[in-house]
Amino acid sequence: MSYNTETTNVQFMNQAFFQKIDAGLTKEAGIAMSAFVRQRLREDGFTREILPFQPITAAELDRQTTEEPTVICEKEPDSIAATLPFLSRSEIRYWTSTRYPVTFQKLASADFRKSKFELMTYRTDIRTVLQENSIKDMQEQEDYGFYSNLMTIAAANTAAGNTNTYSLSGFNKTNFLVGVKQLLQRRLPVGCVLMTQSLYSDMLSFPSTDIGSPAASSLYMGQNSLTAPFGYKIITTNKSTSANSFFPTNRMIVFAPPQFLGQAYELQAATVFLKAELDMIEFTSYESVGIGLGNTQGFVVVDFN
């Protein structure tokens, strides 16, 4: 992780930040931090790369018998094609579509507290320092919740006879494509492939006979990366090596594009609540988001043993 060096601009921003705190303008200081929060969440959380979040307002919520914020989504109805001889007509079919709810949860970071005088010793933009801790916690919650729900759906599908999880022997080009084909065989396009950084490193070691000599040379020299091997977008995660790791290092998940997978809504964008009392500065970040998978067959889990 890189940090900014101390410059006149950084010193000015830090001074302006503390002046807002001292003047009781904690709301304005929090808004300045929130701008950083929203940007970093979009960049770092793999959930948001798989399903881009659509901002909505309270007016777009659907009323329920409970007070839980909900949006009702509709699935595309199935259709039947027919080959018709002349002087004939097609089967009359009254179609219906399935609806399902997308509910919202509030995610929040830890409640961070720090003395203003200690914060003054930092040699980088203080807003960046404050948001880094909260962002790591919130994106961990987003990704863990999304991944856990995927595993629950996969287990339920397997129990119902619709396998979502496959095991292959060894990670190589052939098995990578075999894993991708598991989704293609469902007549679904491939939107992206999620894998750990460890598995991605194994991909970088594919021989030149698999990826081509020029590509192998540029990878070895650090002049390129495999962002879309065979035309499939790769998303990597380090959630297999963190203290609260949950993503197996030998696993990849192949996803259909968002329009074939589901919806992701953002009722409240990531926002910083900032409070100052004497010299102590207290801050926490929170958001309200909801995800619904309308197509539970829109992803496959592939383990390489």
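# Strands, cores and side-chain pairs in a predicted model

Strand 7 runs parallel to strand 8, and four bridges pair the two. The model is a predicted one. One of the contacts between these strands involves Val-193, whose bridge partner in strand 8 is Ile-234. Strand 7 also pairs with strand 9. Here the sense is antiparallel, again over four bridges. Cys-192 stands opposite Phe-255 of strand 9.

Is strand 7 enclosed or open? Five of its five residues, 192-196, are buried, so strand 7 is largely enclosed by the rest of the structure. Its side chains point two ways. Cys-192, Leu-194 and Thr-196 point one way, while Val-193 and Met-195 point the other way. Residues on both sides are buried.

## The nonpolar cores

The largest nonpolar core holds 22 residues. Which of them touch the most other members? They are Ile-50, Ile-253, Phe-255 and Phe-299. Several elements give two or more residues to this core: helix 3, helix 5, strand 7, strand 9, strand 11 and strand 12. Helix 5 gives the most, with four residues.

Take Phe-299 as an example. Neighbours within four places in sequence are left aside here. Phe-299 is then in contact with Leu-150, Ile-153, Ala-154, Asn-164, Leu-183, Arg-186, Ile-253, Val-254, Phe-255 and Leu-293. A second, separate core has 20 residues. Among them are Leu-183, Met-195, Ala-256 and Val-300.

## Aromatic pairs

The whole structure contains nine aromatic pairs. One of them joins Phe-46 and Phe-247. Their ring centres are 6.5 Å apart and their planes meet at 85°, so this pair is edge-to-face. Phe-46 lies in helix 3 (residues 46-50), and Phe-247 lies in the loop between strand 8 (234-237) and strand 9 (251-255). The pair therefore ties together parts that are 201 residues apart in sequence. Both Phe-46 and Phe-247 are buried.

Phe-247 has another ring partner, Tyr-147. How are the planes of Tyr-147 and Phe-247 set? They are at 35°, with the centres 5.0 Å apart, so the pair is tilted. Tyr-147 belongs to helix 5 (residues 126-159), so its pairing with the loop residue Phe-247 ties together parts that are 100 residues apart in sequence. Tyr-147 is buried, as is Phe-247.

These rings belong to a wider group. Ring pairs link Phe-46, Tyr-144, Tyr-147, Phe-246 and Phe-247 into a cluster.

## Salt bridges

A search of the whole structure finds eight salt bridges. The table gives three of them.

| Pair | N to O distance |
|---|---|
| Glu-287 and Arg-48 | 3.1 Å |
| Arg-113 and Glu-282 | 3.5 Å |
| Asp-303 and Arg-251 | 2.7 Å |

Start with Glu-287 and Arg-48, joined by a salt bridge. This pair links distant parts of the chain: Glu-287 is in strand 11 (residues 280-293) and Arg-48 is in helix 3, 239 residues apart. Both Glu-287 and Arg-48 are buried. They also belong to a network of salt bridges that links Arg-48, Glu-142, Glu-266 and Glu-287. Arg-48 has an aromatic neighbour as well. Arg-48 lies over the face of Phe-53, at 4.4 Å from the ring centre.

Next come Arg-113 and Glu-282, which form a salt bridge. Arg-113 lies in strand 5 (residues 112-115) and Glu-282 in strand 11, so the pair ties together parts that are 169 residues apart in sequence. Is each partner buried or exposed? Arg-113 is exposed, with a relative accessible area of 57%. Glu-282 counts as buried, because its relative accessibility is 17% and the cut-off for buried is under 20%.

Last come Asp-303 and Arg-251, whose side chains meet in a salt bridge. Asp-303 is in strand 12 (residues 299-304) and Arg-251 is in strand 9, so this pair ties together parts that are 52 residues apart in sequence. Both Asp-303 and Arg-251 are buried.

## Strand 9 once more

Strand 9 turns up in several of these descriptions. It pairs with strand 7 in the antiparallel sense. It gives two or more residues to the largest nonpolar core. Through Arg-251, strand 9 is tied to strand 12.

Key: Residues are numbered from 1 along each chain as its sequence is written. This is a predicted model: local features need pLDDT of at least 70, side-chain atom pairs count only at pLDDT 80 or more; totals for chains, interfaces and linings use all residues. Side-chain values use heavy atoms; hydrogens and water are left out. Rings of Phe, Tyr and Trp (its six-membered ring) pair if their centres lie within 6.5 Å; planes under 30 degrees apart count as stacked, over 60 as edge-to-face and the rest as tilted. Buried means under 20% relative accessible area, exposed over 50%, partly exposed in between (1.4 Å probe, protein chains only). A charge sits over a ring if NZ of Lys or CZ of Arg is within 6 Å of the ring centre and within 35 degrees of the ring normal. A salt bridge is a side-chain nitrogen of Lys or Arg within 4 Å of a carboxyl oxygen of Asp or Glu. Two strands pair if DSSP finds at least two bridges between them. A nonpolar core is a set of buried Ala, Val, Leu, Ile, Met, Phe, Trp, Tyr and Cys residues joined through side-chain atoms within 4.5 Å. Contact means heavy atoms within 4.5 Å.
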